[in-house]
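Reader: Hi! I'm new to reading structures, and I'd like a close look at one part of this one, the nonpolar core. Could you walk me through what it is built from and what lies around it?

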Amino acid sequence: MAQYKLGCKDMGGMDCEFTTTGETTDEVKQNLYAHAQEVHKDVIASMPEDKMKEMDQLMDKILQEQN
Ligand SMILES: [Zn+2]
């Protein structure tokens, strides 16, 4: 089964070494969101909705390339 990997560094501009892996893209995205909501709460809180959407699309793009 495919293993997906995603980290804060992939999102750009984030000085954080956190990376997560999973067997589905949803799992990896959920892991990264959970981490971000805990550790980068202020970043998430101050992020406009369209920027969040961009981030989400970037995640999908990166994960699809690992497929
Ligand atoms: Zn992080």
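Author: Happy to! Let's begin with a term: a residue is buried if 20 or more other C-beta atoms lie within 10 Å of its own, exposed if 12 or fewer, and partly exposed in between, with the C-beta atoms placed from the backbone. By that count, buried residues make up 9% of the 67 residues in the chain. Please keep in mind that this is a predicted model, where local features need pLDDT of at least 70 and side-chain atom pairs count only at pLDDT 80 or more, while totals for chains, interfaces and linings use all residues. Residues are numbered from 1 along each chain as its sequence is written.

Now the setting. The chain has three helices and two strands, in the order β-β-α-α-α. Here helices (H or I, at least four residues) and strands (E, at least two) are DSSP runs, numbered from the N terminus.

The largest nonpolar core has five residues: Tyr-4, Leu-6, Val-28, Leu-32 and Leu-63. Strand S1 and helix H1 (25-39) each supply at least two residues of this core. Such a core is a set of buried Ala, Val, Leu, Ile, Met, Phe, Trp, Tyr and Cys residues joined through C-beta atoms within 7 Å.

How do the side chains of S1 (residues 4-7) alternate? Tyr-4 and Leu-6 point to one face and are buried, whereas Lys-5 and Gly-7 point to the other and are not. S1 runs antiparallel to strand S2 (residues 19-22), and four bridges join them; two strands pair if DSSP finds at least two bridges between them. Across from Lys-5, in S2, stands Thr-21.

From the core, pick out Leu-32: leaving aside residues up to four places away in sequence, Leu-32 touches Leu-6, Thr-20 and Met-59. A contact here means that the C-beta atoms of two residues, placed from the backbone, lie within 7 Å.

Helix H3 (residues 49-65) makes a nice contrast: of its 17 residues, the number buried is one, so H3 lies largely in the open. At 1.5 Å a residue, H3 should span 24 Å, and its end C-alpha atoms are 25 Å apart, which agrees. That expected span is 1.5 Å times one less than the number of residues.

Finally, look away from the core to Ser-46, in the loop between helix H2 (41-45) and H3. Ser-46 counts as exposed because it has 8 C-beta neighbours inside 10 Å. The C-alpha atoms of Ser-46 and Thr-21 are separated by 26 Å.
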